[in-house]
Amino acid sequence: MNAIKNRVQLIGNLGQDPEIMDLENGSKLAKFSIATSDYYKNAKGEKVEDTQWHNIVAWGKTAEIVESYLTKGKQVAIEGKLMHRTYETKEGEKRYFTEIKCNELLMLGK
């Protein structure tokens, strides 16, 4: 059960081209978001689409793959770990941010 304590698996489409950063130590960081959609019928029987956006970060070799092959609209399968961060704005407001640290990436579709 230890292997599934903090594990996220998603299939979705990139909402925009990834943001790539070259770090001082020579490694890469890739940030991108993917959309997942669910469908259900409301009380009137109408089909409703519910889209959720997920922030993804990838490091090292995975970030290099993201940089080389992923663009807006591409479909991907992500396996990773849910991460929560807190930061403070210049105005002193606390902000909370949730993202998925990508451990594995599978490119789907065309």
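A salt bridge is a side-chain nitrogen of Lys or Arg within 4 Å of a carboxyl oxygen of Asp or Glu. The exercises below use a predicted model.

**Exercise 1. Test the pair E79 and R7 against the salt-bridge cut-off, then place both residues.**

Step 1. The cut-off is 4 Å. The side chains of E79 and R7 meet at 3.3 Å, N to O. They form a salt bridge.

Step 2. E79 sits in strand β5, residues 75–88. R7 belongs to the segment before β1 (8–14). The two are 72 residues apart, so this pair links distant parts of the chain.

Step 3. Buried means under 20% relative accessible area. E79 has 14%, so E79 is buried. R7 has 42% and counts as partly exposed.

**Exercise 2. Find which strands the salt bridge between E99 and R85 ties together.**

Step 1. The N to O distance for E99 and R85 is 3.0 Å.

Step 2. E99 lies in strand β6, and R85 lies in strand β5. The bridge therefore ties together parts that are 14 residues apart in sequence.

Step 3. E99, at 9% relative accessibility, is buried. R85, at 38%, is partly exposed.

**Exercise 3. State how many salt bridges the structure has, and describe further examples.**

Step 1. The count comes to six.

Step 2. One of them joins R95 and E93, whose closest N and O atoms are 3.0 Å apart. R95 is partly exposed at 37%. E93 is partly exposed at 39%.

Step 3. D22, K28 and E67 are linked in a network of salt bridges.

**Exercise 4. Work out how the buried residues of helix α1 are arranged.**

Step 1. Helix α1 spans residues 60–69. Its buried residues are T62, A63 and V66.

Step 2. Look down the axis of α1: the buried residues fall within an arc of 100°, so they line one face of the helix.

Step 3. A general rule helps here. An α-helix has 3.6 residues a turn, so residues three or four places apart point the same way.

Step 4. Turn to the face away from the buried side. There α1 carries the exposed residues K61, S68 and Y69.

**Exercise 5. Identify the nonpolar surface patch that includes Y69.**

Step 1. The patch is formed by I65, Y69 and M107. Together they have about 300 Å² of accessible area.

Step 2. M107 comes from strand β6, residues 94–108. Its relative accessible area is 42%, so M107 is partly exposed.

**Exercise 6. Describe the ring contacts in the structure.**

Step 1. A search of the whole structure finds zero aromatic pairs.

Step 2. The charged end of K47 sits over the ring of Y39, 4.8 Å from its centre.

Conventions. Residues numbered from 1 in each chain as written. Predicted model: local features only at pLDDT ≥ 70, side-chain atom pairs only at ≥ 80, totals over all residues. Heavy atoms only, no water. Phe/Tyr/Trp six-rings, centres within 6.5 Å; stacked < 30°, edge-to-face > 60°. Lys NZ or Arg CZ within 6 Å of the ring centre and 35° of its normal. Patch = residues over 30% accessible without salt bridge, like charges linked within 9 Å, V, L, I, M, F, W, Y side chains within 5 Å. Areas by Shrake-Rupley, 256 points an atom, 1.4 Å probe, with all protein chains shown as cover. Helix = DSSP H or I, 4+ residues; strand = E, 2+ residues; numbered from the N terminus. Buried < 20%, exposed > 50% of the residue type's maximum accessible area, 1.4 Å probe, protein only. Arc of directions from axis to C-beta.
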